[in-house]
Amino acid sequence: MRYRRADEPKGSEITPESVWTARRSVVKSLLGAGAIGAVATPGWAAGSPTGRILEAKHNPAYGAEDTPNTWDDVTTYNNFYEFGTDKSDPARNAGSLRPAPWSVTIAGEVQQRGTFALEDLLKPHPLEERIYRLRCVEAWSMVIPWVGFPLADLIKRLQPTSKAKFVAFTTLKDPVQMPGQRGGVLDWPYVEGLRMDEAMHPLAFMAVGLYGRVLPNQSGAPLRLVVPWKYGFKSAKSIVRIDFLERPPTTTWAASNPREYGFFANVNPAVDHPRWSQKTERRIGGGVFAPRIQTRPFNGYTEVASLYSGLDLSRWF
Ligand SMILES: Nc1nc2c(c(=O)[nH]1)N[C@H]1C(S)=C(S)[C@@H](COP(=O)(O)O)O[C@H]1N2
Ligand SMILES: [Mo]
């Protein structure tokens with residue numbers, strides 16, 4: 001297949017609405033099917049999800065056993081330094097981001113190079129919902145019903161060359177839309193990366209929504225990465241560029257503090273962060289008296305372990 005570049009005229013058959021318009025919400029279909037009956041108690045999505053409804057089917061193979069966090073938890077406790085460094089800053093400040101129209105540049109060791117309108121990149125990919133745990137270095141965690149598609153599906157369609165060994169994801173750089181970029185907390189733009197085999201793993205996910213709605217700005221609208229076995233900082237938000245590379249990219253957190261943040265960033269209770277233990281985590285929303293939960297290797301997604309056989313994970317953290 002071939003993607004239409006962003007600078008080519010739109011065909012009349014291309015209607016973004018056909019991608020986005022929903023016949024029913026994911027949450028409703030879930031409740032109807034009883035797929036998450038155990039957690040479908042009134043109020044688990046409290047705070048009324050807002051935003052355009054997405055048509056997507058729940059994928060029961062990826063339904064975390066834990067109760068999802070509420071919409072309010074997921075959308076008001078964020079890390080998105082482009083909008084401020086407090087967890088509550090992105091919800092307050094991300095209104096200046098304009099997630100549409102949006103285009104994504106594909107570059108490097110790949111056949112389908114160019115700048116593509118987002119709706120054209122998304123169009124061939126059916127949307128599904130997956131409930132994933134997210135575990136951050138700062139030892140908090142959440143359970144989030146994402147809507148999107150496997151990163152591997154996109155990569156296959158883009159046709160990387162045999163030289164492509166890494167994939168890098170770059171966030172928008174625009175200090176007008178992203179006021180946090182007027183300061184020097186990090187080197188902008190934000191860049192994250194995966195080894196090609198990690199990127200091709202069926203768990204690696206491109207999210208365009210949560211709770212059956214388009215991503216709110218603070219969650220990384222309109223396109224963000226979700227890598228559930230790695231610490232939260234691997235999930236680049238508001239992606240404008242994907243590079244296929246022979247060499248590992250310099251990623252933002254590893255560049256800013258290599259002692260504290262490595263390239264791999266696999267969730268690992270056995271490797272302490274230099275300033276705190278990584279053995280336990282606190283589930284957001286449980287209140288101050290919530291018991292600390294044991295952090296699991298690879299955040300519980302042990303099916304990825306074979307990607308790292310022979311690698312010393314305390315050295316390659
Ligand atoms: N562009 C960008 N992406 C980012 C960040 C950021 O500051 N800027 N923070 C990362 C970190 S540290 C985490 S924990 C997750 C948080 O995602 P969430 O707000 O959806 O929970 O986003 C990651 N992606
Ligand atoms: Mo994080």
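**Exercise 1. Overall organisation**

Among contacts in the protein chain between residues at least 6 apart in sequence, what percentage join residues at least 24 apart?

*Solution.* The structure is a predicted model. Its protein chain contains eight helices and 13 strands. Among contacts between residues at least 6 apart in sequence, 73% join residues at least 24 apart. Of the 317 residues in the chain, 56% are buried. The accessible surface comes to about 13900 Å², and carbon and sulfur atoms account for 53% of it.

**Exercise 2. A strand pair**

Determine how strand 2 and strand 3 are paired and connected.

*Solution.* Begin with the direction: strand 2 (residues 103-108) and strand 3 (residues 114-117) run antiparallel and are joined by four bridges. Next, consider the register: Thr 105 is placed opposite Thr 115 of strand 3. Finally, the connection consists of five residues between the two strands, which form a hairpin.

**Exercise 3. The largest nonpolar core**

Identify the residues that touch the most other members of the largest nonpolar core, and examine the surroundings of Phe 244.

*Solution.* The core holds 81 residues, of which Phe 169, Trp 229, Ile 242 and Phe 244 touch the most other members. Strand 5 (residues 140-150) supplies the largest share of this core, with six residues. For Phe 244, neighbours within four places in sequence are set aside; the remaining contacts include Ile 106, Ala 107 and Gly 108. Also among the contacts of Phe 244 are Ile 155, Leu 158, Phe 166 and Met 196.

**Exercise 4. Two salt bridges in contrasting settings**

Compare the salt bridge of Arg 92 and Asp 89 with that of Glu 281 and Arg 135, giving the sequence separation and burial of each partner.

*Solution.* As background, side chains of opposite charge can pair when their charged atoms come close.

1. In the pair of Arg 92 and Asp 89, the closest N and O atoms are 2.8 Å apart. Both residues belong to helix 4 (residues 89-93), and because they are three residues apart, about one helical turn separates them. Arg 92 is exposed, since its relative accessible area of 56% is over 50%. Asp 89 is buried, since its value of 13% is under 20%.
2. In the pair of Glu 281 and Arg 135, the closest N and O atoms are 3.5 Å apart. This pair links distant parts of the chain, with Glu 281 in strand 12 (residues 280-283) and Arg 135 in strand 4 (residues 128-135), 146 residues apart. Glu 281 is buried at 3% relative accessibility, and Arg 135 is buried at 0%.
3. Glu 281 and Arg 135 also belong to a network of salt bridges, together with Glu 65, Asp 66, Arg 133, Arg 283 and Arg 296. The whole structure has 15 salt bridges.

**Exercise 5. A third salt bridge**

Are Lys 279 and Asp 272, which meet in a salt bridge, buried or partly exposed?

*Solution.* The N to O distance in this salt bridge is 3.6 Å. Lys 279 has a relative accessible area of 44% and is therefore partly exposed. Asp 272, at 42%, is likewise partly exposed.

**Exercise 6. A buried charge without a salt bridge**

Describe the environment of Glu 82.

*Solution.* Glu 82 lies in the loop between helix 3 (71-76) and helix 4. The residue is buried yet has no salt bridge. Lys 237 carries the nearest side chain of opposite charge, 7.5 Å away, whereas a salt bridge requires a separation within 4 Å. Leaving aside neighbours within four places in sequence, Glu 82 is in contact with residues including Thr 171, Met 178, Gln 181, Trp 188 and Tyr 190.

**Exercise 7. Backbone geometry**

Locate two cis peptide bonds and two residues other than glycine with positive phi.

*Solution.* Most residues other than glycine have a negative phi, and most peptide bonds are trans.

1. Ala 100 and Pro 101 are joined by a cis peptide bond with omega about -5°. Pro 101 is in the loop between helix 4 and strand 2.
2. The bond from Trp 188 to Pro 189 is also cis, with omega near 0°. Pro 189 is in the loop between strand 6 (166-171) and strand 7 (191-195).
3. Tyr 211 has a positive phi near 50°. Tyr 211 is in the loop between strand 8 (205-210) and strand 9 (213-214), and is buried at 2% relative accessible area.
4. Ala 265 has a positive phi of about 55°. Its place is in the loop between helix 8 (252-256) and strand 12, and Ala 265 is buried at 2% relative accessibility.

How values were computed: Residues are numbered from 1 along each chain as its sequence is written. Chains are lettered from A and ligands numbered from 1 in the order in which they are written. This is a predicted model: local features need pLDDT of at least 70, side-chain atom pairs count only at pLDDT 80 or more; totals for chains, interfaces and linings use all residues. Side-chain values use heavy atoms; hydrogens and water are left out. Buried means under 20% relative accessible area, exposed over 50%, partly exposed in between (1.4 Å probe, protein chains only). Contact means heavy atoms within 4.5 Å. Accessible areas come from the Shrake-Rupley method with a 1.4 Å probe; for residues, only the protein chains shown count as cover. Two strands pair if DSSP finds at least two bridges between them. A nonpolar core is a set of buried Ala, Val, Leu, Ile, Met, Phe, Trp, Tyr and Cys residues joined through side-chain atoms within 4.5 Å. Lys and Arg count as positive and Asp and Glu as negative; His and the chain ends are not counted.
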